[in-house]
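Reader: I am new to this structure and would like a close look at a single part of it, with the terms explained along the way. Please take your time over how that part packs against its surroundings.

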Amino acid sequence: MQTRWSKTEAGRNEIQQRTRKLPAGLRSILLLVDGQRSDDELQAMMSGLHAPDDALRQLATDGLIERRSGAASMLAAVAATKSNDGAPVVIMTSAERYNLLYARITDDIRAHIGLKGYFLQLKVERCANADDLEALLPDVATAMTKARDHTFATRWLEEVRASLA
């Protein structure tokens, strides 16, 4: 099974604040780490981005990325309680809402917009919380309209908003 990497909290902070002043190649690879791309996919992108061959090791050593283990199940994890009628009520913390939105938006940009979504992905990385990500949804839908069509983008936006309700 291929190793997949995800950003740590320090990695997300570095994207937003640029405190470490990473070289351009390393920063580009950090932006591309999304928990979905394999080592092979990231390695293939490194040469085009002028990143060092050991970029993933450097980012991991600096604590900016980590091997993804069970992250998908962690993203979907929510605190469930019972309502008065016994039906489950899902309560999401702000962090869970952020993780859910971040994963969905990042995956869908990659799947439906592709490399044309690079600058949109930069905007996603600058979002500090779930409200920032939610405010970005219309921009993502607009890009989806350009990449696919209006009906697809409208349905996508409705699905994402429904998953937050």
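Author: The axes of H6 and H7 come within 10 Å of each other and cross at roughly 175°, where an axis is a line fitted to C-alpha atoms, for helices over the stretch in contact, and angles run from 0 to 180 degrees between N-to-C directions. That crossing makes H6 roughly antiparallel to H7; by the convention used here, angles under 35 degrees count as roughly parallel, over 145 as roughly antiparallel, 65 to 115 as roughly perpendicular and the rest as oblique. On the side of H6, the contact is made by Tyr102, Ile105, Thr106, Ile109 and Ile113, and on the side of H7 by Leu120, Gln121, Val124 and Glu125, with contact meaning heavy atoms within 4.5 Å. Sorted by class, the residues of this contact are six nonpolar, two polar and one charged, where Ala, Val, Leu, Ile, Met, Phe, Trp, Tyr, Cys and Pro count as nonpolar, Asp, Glu, Lys and Arg as charged, and the others, Gly among them, as polar.

This is a predicted model, in which local features need pLDDT of at least 70 and side-chain atom pairs count only at pLDDT 80 or more, while totals for chains, interfaces and linings use all residues. Residues are numbered from 1 along each chain as its sequence is written, and side-chain values use heavy atoms, with hydrogens and water left out.

H7 also has a partner in H8: the axes of helix H7 (residues 118-126) and helix H8 (residues 130-147) come within 10 Å and cross at roughly 175°. H7 and H8 are therefore roughly antiparallel to each other. Here Leu120, Lys123 and Val124 of H7 meet Leu133, Leu136, Asp139, Val140 and Ala143 of H8, and the contact of H7 with H8 holds six nonpolar, no polar and two charged residues. Leu120 and Val124 are named in the contact with H8 and also in the contact with H6.

Which residues of H7 are buried? They are Leu120, Gln121, Leu122, Val124 and Glu125, where buried means under 20% relative accessible area, exposed over 50% and partly exposed in between, with a 1.4 Å probe and protein chains only. These buried residues of H7 pack against E1, H1, H2, H6 and H8, the names standing for DSSP runs numbered from the N terminus, helices being H or I with at least four residues and strands E with at least two.

The start of H7 brings in the aromatic rings, of which the chain has two pairs by the rule used; rings of Phe, Tyr and Trp (its six-membered ring) pair if their centres lie within 6.5 Å, and planes under 30 degrees apart count as stacked, over 60 as edge-to-face and the rest as tilted. In one pair, the ring centres of tyrosine 98 and tyrosine 102 are 5.9 Å apart with planes at 20°, so the pair is stacked. Both tyrosine 98 and tyrosine 102 lie in helix H6 (residues 94-113), four residues apart, about one turn of the helix. An α-helix has 3.6 residues a turn, so residues three or four places apart point the same way. Tyrosine 98 is buried at 9% relative accessibility, and tyrosine 102, which also takes part in the contact with H7, is buried at 10%. The rings of tyrosine 118 and phenylalanine 119 have their centres 5.5 Å apart and their planes at 80°, so that pair is edge-to-face. Tyrosine 118 counts as partly exposed, at 28% relative accessibility, whereas phenylalanine 119 counts as exposed, at 62%.

E1, against which buried residues of H7 pack, covers residues 5-7 and contains serine 6. Serine 6 is buried, with a relative accessible area of 13%, and, leaving aside residues up to four places away in sequence, touches Val33, Gly35, Leu64, Ile65, Glu66 and Arg68.

H1 and H2 belong to the same surroundings of H7, and the loop between helix H1 (9-17) and helix H2 (24-32) contains arginine 18. Arginine 18 is partly exposed, with a relative accessible area of 46%, and has a phi near 55°, a positive value in a residue other than glycine. Lysine 21 is placed in the loop between H1 and H2 too, is exposed at 70%, and has a positive phi near 50°. Most residues other than glycine have a negative phi.
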